[in-house]
Amino acid sequence: MAEAAVTGAGADDTVPAGARDDLQGLVVTGWSRFHHAALLFVRLGSDPGRSRAWLREVTDQVGWAREAAGEPELRATRPRGFDARVAVALTTRGLAALGVPDDVVDRFPQEAKLNMAERARILGDAVDELGRPRDWTLTVDGCDALVLLYAPGAPDRDALLREHEQLLRAHGGITVADEKSAAWAGTEPFGFVDGLSQPVVKGLGARAGQPRGPRDEIPAGEVVLGYRNAYGQLPQSPTWGDLDLGKHGSYLVFRKLEQDVTGFWRYFANLGRTLAGQGPVPADPALATEWLAARAMGRWRNGTPVVVYPDAPGPADDRASLNQFEYLAHGDADGLRCPIGAHIRRANPRDARGGGADESWQVVNRHRLLRRGRAFGEAISPEQAMAGATPREPVGLLFLSLQASIARGFEFVQQIWNGNPGFGGLHREPDPITGPGGCAFTIPADPVRLRLPDLPRFVTPRGGAYFFLPSRTALERIIAGPD
Amino acid sequence: MIATEALTVVAPIAGGADEVARLRDRLRTIQDDLLGKRGTNQVFLPAQLPDTHFMRLVIVDDTHGGGELAPLLAWESNHDGTTDDYLRKVAREAARPDRCLDLDAVFGACAGYPTGGVRDVDGFVAWMRRHAVRAEAFYCAYPGVTKQRVDHDRRLHDEIRTFLDAERPRLVGAAGVVVHDRVVEHLRGRGLDVSRPVDGAGARWWRTVLRLIPIAVALLLTWPLWLPIVAYLWFWKLPRLEATDKPATYHRPVHGAPDLIAAEDHIVQNQLTHLVDIKPGWARYVILRLVLCGIDTLARLYFVHGNLGGITSIHFARWVIIEDRRPRRDVRVRRHRLLFFSNYDFSWDSYLGEFVDRAARGLTAVWSNTVGFPRTRKLLEDGARDEERFKQWARDQQLRTDVWWSGVADATVDNVRAALAIRDGLATRPDYEELTRWLRRL
């Protein structure tokens with residue numbers, strides 16, 4: 001059985017339009033037209049039958065890809081005073097709690113079966129002497145399921161969350177934790193425009209208004225199981241009897257990342273005052289601050305890339321350049337425009353990963369993440385932060401990404417690109433934005449580079465978990481039970 | 001004229017399973033100490049080995065093959081100078097009372113180890129030499145560069161970093177040559193060696209070329225003898241072997257043994273010990289030897305700048321063939337095994353990924369001659385391109401490394417080579433274009 005699924009004659013690398021009834025909408029959209037989101041982390045009860053009844057109710061509310069792609073939805077959503085969308089993801093523990101047989105669960109990827117805490121060391125999180133994450137405050141990696149809730153307004157979202165907590169309790173489950181997003185703003189809490197670079201899954205197309213990149217189209221099998229991936233192979237997919245349980249499913253990574261907005265802007269404001277006028281740093285302290293922060297990010301606050309606009313932010317209406325850029329093509333192999341260690345140059349090295357542009361893109365496109373994250377907490381503006389104001393509550397990012405392999409997707413990007421102190425020939429320099437603090441960041445310049453030897457920590461991981469995002473067919477199979 | 005050499009000692013462990021278990025425990029205390037877990041190891045501190053870049057100790061057992069082959073102890077050392085000189089120096093150092101290099105406690109578990117141990121220098125060297133196995137192919141990212149120079153030049157680079165961090169405000173806008181002069185002056189003041197280093201790589205290159213000339217001439221003169229054999233292998237035998245090979249099958253994405261994963265990602269580098277049976281029959285054995293010979297030649301002549309066929313993250317790697325040591329008349333099928341040691345930067349997944357992304361053909365040419373490898377065509381094609389299956393196959397043949405030590409724990413190949421290039425540019429003032437490149441490395 002398993003062999004038939006992996007050899008898969010005739011499998012393609014493009015999702016056909018007909019498959020959209022089977023895909024969860026989250027694969028196609030972050031549902032950003034619903035400005036408020038909540039994440040409900042679930043522990044299921046001990047009766048698999050009642051848990052399957054719960055999954056039935058949740059599945060009936062899921063927003064599918066056909067509607068997300070702009071086509072009319074097949075099924076009416078539940079009548080409420082407001083419109084809402086739901087997505088549902090399961091851990092391998094949750095699959096077992098729903099009655100999926102052990103030998104089926106065993107066919108899931110190794111990392112999906114581990115608690116994320118066991119991966120803390122490779123993910124670069126601060127760990128104690130036993131390797132346990134030291135700064136985590138949210139323990140959700142032992143949960144059974146994640147329900148993602150999307151609603152237009154904050155009160156609607158709160159009502160939806162209450163409704164789902166009741167639904168869960170009525171079926172013997174309990175809430176492990178819940179997380180509420182901030183209102184959708186299109187910027188992350190440090191104040192930078194976010195979500196500009198996204199891969200385009202073949203057959204699913206780009207989201208409307210998404211700025212296109214030079215080579216953003218990737219084979220469907222990089223994100224959705226059941227299709228050929230960037231190696232031309234059909235990824236191993238968990239099977240249940242004759243059914244390919246993975247097909248049209250994906251793996252979902254969740255990370256809660258707390259951001260120190262005040263610390264970030266005060267650090268760069270201080271640095272701007274000290275370094276203004278030195279070498280390539282602009283003479284005006286305010287611009288110097290922005291210049292230095294933009295070097296660490298790789299983009300200016302309005303999203304324009306520093307490799308295109310090295311001296312000052314580009315015009316915000318230059319949508320074309322937001323994602324349509326490369327590093328070598330701008331003659332920037334040495335990072336004089338955009339530092340090698342800059343956050344976005346690590347997260348997506350584009351043409352600069354060695355072996356020439358073609359080989360680099362080919363390699364890079366084997367590690368692309370479809371990002372679906374949301375900011376949390378009421379953010380303050382960079383100006384307020386520079387003045388020393390602090391947010392009233394913790395702020396940061398509820399990071400969510402989709403990929404067909406967690407090891408080759410999220411974990412690779414986190415460990416080998418963002419977190420790697422030796423990335424691109426650097427020495428003891430992990431990501432300046434998301435790194436652990438206490439490390440250096442080099443801004444190349446002639447004749448002498450500018451090196452910030454001891455960056456503070458700006459981002460603290462607070463917890464996370466790995467999930468399987470099943471297709472409609474897979475959900476129906478799980479709901480039908482093992483008999 | 002110092003060369004970088006690969007020493008591989010493979011010796012049978014005397015006694016039964018108990019002896020092996022005891023040795024494994026002893027090695028574990030050494031490894032725990034290296035990972036900073038206990039600090040109780042008073043047996044063996046690899047950092048005290050002279051002129052050594054990387055080393056490991058592995059108990060090579062036959063768990064995959066059902067345990068019919070006797071357990072071996074393998075010692076991998078990447079060292080400077082000739083093997084004889086190195087072993088002599090190791091023995092002398094080990095015998096010093098202020099050193100913690102009890103090689104006797106490690107190798108004493110092996111059959112025939114001299115009773116005098118390291119104090120019997122000649123006996124020690126002779127025993128080691130007797131059990132040394134030639135590497136069929138050996139790659140080194142910085143050939144001819146001594147460990148001493150690596151350490152010195154990295155210290156020098158650190159010193160430059162600190163100097164420039166402090167002096168930068170006064171150097172902004174200065175001419176490149178002024179920066180160069182100031183750096184040299186500062187390093188001299190610190191008593192560091194800024195002279196042009198001896199080029200060991202060139203000597204190694206020339207030695208290889210000189211050795212190859214007679215071989216090339218002999219091959220040219222004798223082509224009627226070997227060409228038919230090669231043609232037979234390529235056009236007749238290989239396609240038939242490839243059609244009937246049985247690749248290992250898997251029903252789930254890559255799973256690695258928990259003890260392998262727990263041992264990984266503690267420093268910037270990782271290691272791989274990989275052991276697999278060569279496919280039965282003479283043809284595969286001959287093809288493998290030829291491929292490895294080709295890789296070895298390329299590694300000595302062409303891949304000498306820290307780049308092995310597109311992969312820039314390998315410090316040292318070698319392939320060794322362990323011949324079947326059982327008496328010939330007892331067995332119908334010989335079991336030769338291919339042992340691979342690698343010392344590389346970054347994670348297992350990224351290393352194997354680099355293999356697939358950038359050097360799939362080369363590694364397919366090697367490992368398609370071993371059991372269970374994904375299906376190949378024409379020796380080089382497909383094979384490792386089957387990414388998931390290749391990685392699972394690699395995981396399944398991986399051996400746990402009992403002791404592994406890196407002499408450059410926080411430096412990537414790029415870091416080491418940058419430090420060496422900076423040192424090269426110190427002695428003479430580079431011309432303008434080279435100077436810009438030199439300054440950007442700092």
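Is A:R371 buried, partly exposed or exposed? With a relative accessible area of 27%, A:R371 is partly exposed, where buried means under 20% relative accessible area, exposed means over 50%, and partly exposed lies in between (1.4 Å probe, protein chains only).

This is a predicted model, in which local features need pLDDT of at least 70 and side-chain atom pairs count only at pLDDT 80 or more, while totals for chains, interfaces and linings use all residues. Residues are numbered from 1 along each chain as its sequence is written, chains are lettered from A and ligands numbered from 1 in the order in which they are written, and side-chain values use heavy atoms, with hydrogens and water left out.

## The interface of chain B and chain A

The contact (heavy atoms within 4.5 Å) takes 49 residues from chain A and 47 residues from chain B. The size of an interface is often given as the accessible area lost when the parts come together. Between chain B and chain A the buried area is about 4,100 Å², and carbon and sulfur atoms give 45% of it; buried area here is the accessible area (1.4 Å probe) that two parts lose on being put together, summed over both.

Between the two chains there are 9 salt bridges, a salt bridge being a side-chain nitrogen of Lys or Arg within 4 Å of a carboxyl oxygen of Asp or Glu. A:D106 pairs in this way with B:R252. The interface also has 28 residue pairs in polar contact, both residues at pLDDT 80 or more. A polar contact is a pair of N or O atoms within 3.5 Å; within protein, one must be able to donate a hydrogen and the other to accept it, and residues adjacent in sequence count only if both atoms are side-chain atoms.

Among the elements of chain B that give two or more residues to the side touching chain A are α5 (147-171), α11 (348-367) and α13 (413-427). Helices (H or I, at least four residues) and strands (E, at least two) are DSSP runs, numbered from the N terminus. The largest share of this side, 8 residues, comes from α5(B). By class, the side of chain B that touches chain A has 20 charged, 15 nonpolar and 12 polar residues. In this count Ala, Val, Leu, Ile, Met, Phe, Trp, Tyr, Cys and Pro are nonpolar, Asp, Glu, Lys and Arg are charged, and the others, Gly among them, are polar.

B:R358 is placed in helix α11 of chain B. This residue is buried, with a relative accessible area of 14%. Its side chain makes a polar contact of 2.6 Å with the side chain of A:E359. Not counting residues up to four places away in sequence, B:R358 touches residues of both chains, including A:R353, A:V363, B:G309 and B:I311.

## Salt bridges

Side chains of opposite charge can pair when their charged atoms come close. The structure holds 78 salt bridges over all chains. The table lists some of them.

| Pair | Closest N and O atoms |
|---|---|
| A:D106 and B:R252 | 2.7 Å |
| A:R255 and A:D125 | 2.9 Å |
| B:D84 and B:R129 | 3.1 Å |
| A:R371 and A:D194 | 3.3 Å |

The side chains of A:R255 and A:D125 meet in a salt bridge. Because A:R255 lies in strand β9 (residues 250-259) of chain A and A:D125 in the loop between α7 (120-123) and β3 (145-151), the pair ties together parts that are 130 residues apart in sequence. Both A:R255 and A:D125 are buried.

A:R371 forms a salt bridge with A:D194. A:R371 lies in strand β10 (residues 370-371) of chain A and A:D194 in the loop between β4 and β5 (200-201), so this pair ties together parts that are 177 residues apart in sequence. At 33% relative accessibility, A:D194 is partly exposed.

In chain B, the side chains of B:D84 and B:R129 meet in a salt bridge. B:D84 is in helix α2 (residues 83-95) and B:R129 in helix α4 (residues 121-131), 45 residues apart. B:D84 is partly exposed at 31% relative accessibility, and B:R129 is partly exposed at 43%. A network of salt bridges links B:D62, B:E68, B:D277, B:D324, B:R326, B:R335 and B:R337.

## Helix α1 of chain B

Helix α1 (residues 17-34) of chain B has 18 residues. From its first C-alpha to its last α1(B) reaches 26 Å, close to the 26 Å expected at 1.5 Å a residue, the expected span being 1.5 Å times one less than the number of residues. Buried residues of α1(B) include B:V20, B:L23, B:L27 and B:I30. Their cover includes β2 (52-60), β3 (72-80), α3 (103-107) and β10 (403-406) of chain B. After α1(B) comes B:G36, whose phi is positive, near 70 degrees.
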